[in-house]
Amino acid sequence: MPPEITGAELDRAISAQLKGLPEKLAARVARHLAAAGVLVDDDPETAYQHTLAARARAPRLAVVREAAGEAAYAAGHYAEALAELRAAKRMNGATAYLPIMADCHRALGNADQALKLAKSPSVAKFAPEAKAEMTLVEAGARRDLGQLDAALRTLELAPLNSKSRQAWVVRLRYAYADTLVAAGREKDALAWFHRTHAIDSEEITDAAQRADELERRLDDLV
């Protein structure tokens, strides 16, 4: 346990869910969850181990199972992530986990199961960012099944032309451009890589590089 982690780093809403535990136990679980939150981006495997330690101490708390699922997902333990998020969903009824659960199914080779989750009625009520995440998973599942036309249609129903420059719009545009390449529509793909790069100020994609490579390829064909 990193000595500088006290548990006070946790969001108040998470801390509140630990109050039903004995004080010392709650403090220990809080430190493990806080450590996981700090480490998950740079060291997801260690973050996952911290959530397992928290789960061993408080397995009946949805917030603990949720943390374990998200850390397992980040560490590439997709079967474990799916099991933990299912447990959390049974406990609190939350639907926010559905995109990650669907992506776990994809990673495990169960594209059909991913598509079933993508069609859940609750997805229609998602905020734009969460809805975009599910769209990306659904389009990816279609590609896994070799259904490129269906993948393109899925992405075309998303707000690709949104004026927002948020990361979810960037990722939608990039996925659309990449799928166009897979479908052999390289000129259309080039336009969308450019449109992606135009709003990708944080450079979360390699859209600029993909556009350059595609331009050179198309020039060679002339």
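Contact here means heavy atoms within 4.5 Å. The structure is a predicted model, in which local features need pLDDT of at least 70, side-chain atom pairs count only at pLDDT 80 or more, and totals for chains, interfaces and linings use all residues. Residues are numbered from 1 along each chain as its sequence is written, and side-chain values use heavy atoms, with hydrogens and water left out.

**Exercise 1. The chain as a whole**

Determine how many helices and strands the protein chain has, and what percentage of its residues count as buried.

Solution. Begin with the secondary structure, where helices (H or I, at least four residues) and strands (E, at least two) are DSSP runs numbered from the N terminus. On that basis the protein chain has 12 helices and zero strands. Next, take burial, with buried meaning under 20% relative accessible area, exposed over 50%, and partly exposed in between (1.4 Å probe, protein chains only); 43% of the 222 residues count as buried. Then consider the contacts between residues at least 6 apart in sequence, of which 52% join residues at least 24 apart. Finally, along the principal axes, the C-alpha atoms fill a box of roughly 70 × 35 × 30 Å.

**Exercise 2. The nonpolar cores**

Identify which element gives the most residues to the largest nonpolar core, and find the contacts of Leu155 beyond its sequence neighbours.

Solution. A nonpolar core is a set of buried Ala, Val, Leu, Ile, Met, Phe, Trp, Tyr and Cys residues joined through side-chain atoms within 4.5 Å. The largest such core has 26 residues, and those with the most contacts inside it are Leu155, Leu172, Tyr176, Leu180, Trp192, Phe193 and Leu214. Two or more residues come from each of α8 (128-144), α9 (148-156), α10 (167-182), α11 (186-199) and α12 (207-221), and α10 gives the most, with nine residues. With neighbours within four places in sequence left aside, Leu155 is in contact with Thr135, Leu136, Ala139, Leu160, Leu172, Ala175, Tyr176 and Thr179. A second, separate core of 22 residues includes Tyr48, Ala71, Ala114 and Met134.

Thr179 can be followed one step further: this residue lies in helix α10, and Thr179 counts as buried because its relative accessibility is 2%. Under the same exclusion of neighbours within four places, Thr179 is in contact with Arg143, Leu148, Ala151, Leu152 and Leu155.

**Exercise 3. Helices α3 and α4**

Work out which residues of α4 are buried, and which elements the buried residues of α3 pack against.

Solution. Start with the span, whose expected value is 1.5 Å times one less than the number of residues in the helix. Helix α4 (residues 62-74) has 13 residues and reaches 18 Å from its first C-alpha to its last, close to the 18 Å expected. Its buried residues are Ala62, Val63, Val64, Arg65, Ala67, Ala68, Gly69, Ala71 and Ala72, and they pack against α1 (12-16), α2 (23-39), α3 (44-57) and α5 (78-92). After α4 comes Gly76, with a positive phi near 85°.

For α3, there are 14 residues, and the reach from first C-alpha to last is 20 Å, close to the 20 Å expected. Ala47, Tyr48, His50, Thr51, Ala53 and Ala54 are buried in α3, and the buried residues of this helix pack against α2, α4 and α5.

**Exercise 4. Two pockets**

Establish which helix supplies the largest share of the lining of the largest pocket, and which gives the most to that of the second largest pocket.

Solution. On a 1 Å grid over the protein atoms alone, a pocket is an open set of points where a 1.4 Å probe fits, with protein on both sides within 12 Å along at least five of seven lines, and lining residues have an atom within 4 Å of a point. The largest pocket holds about 450 Å³ of space. Of its 18 lining residues, Asp103, Glu133, Leu136, Val137 and Arg171 are the closest to its centre. While α6 (98-107), α8 and α10 each supply at least two residues of this lining, the largest share, six residues, comes from α8.

The second largest pocket holds about 360 Å³, and of its 18 lining residues, the closest to the centre are Gly37, Glu66, Ala67, Glu70 and Ala71. Two or more lining residues come from each of α2 and α4, with α4 giving the most, seven residues.

Methods
Grid points are joined across faces, edges and corners, and a volume is the space filled by probe spheres set on the points.
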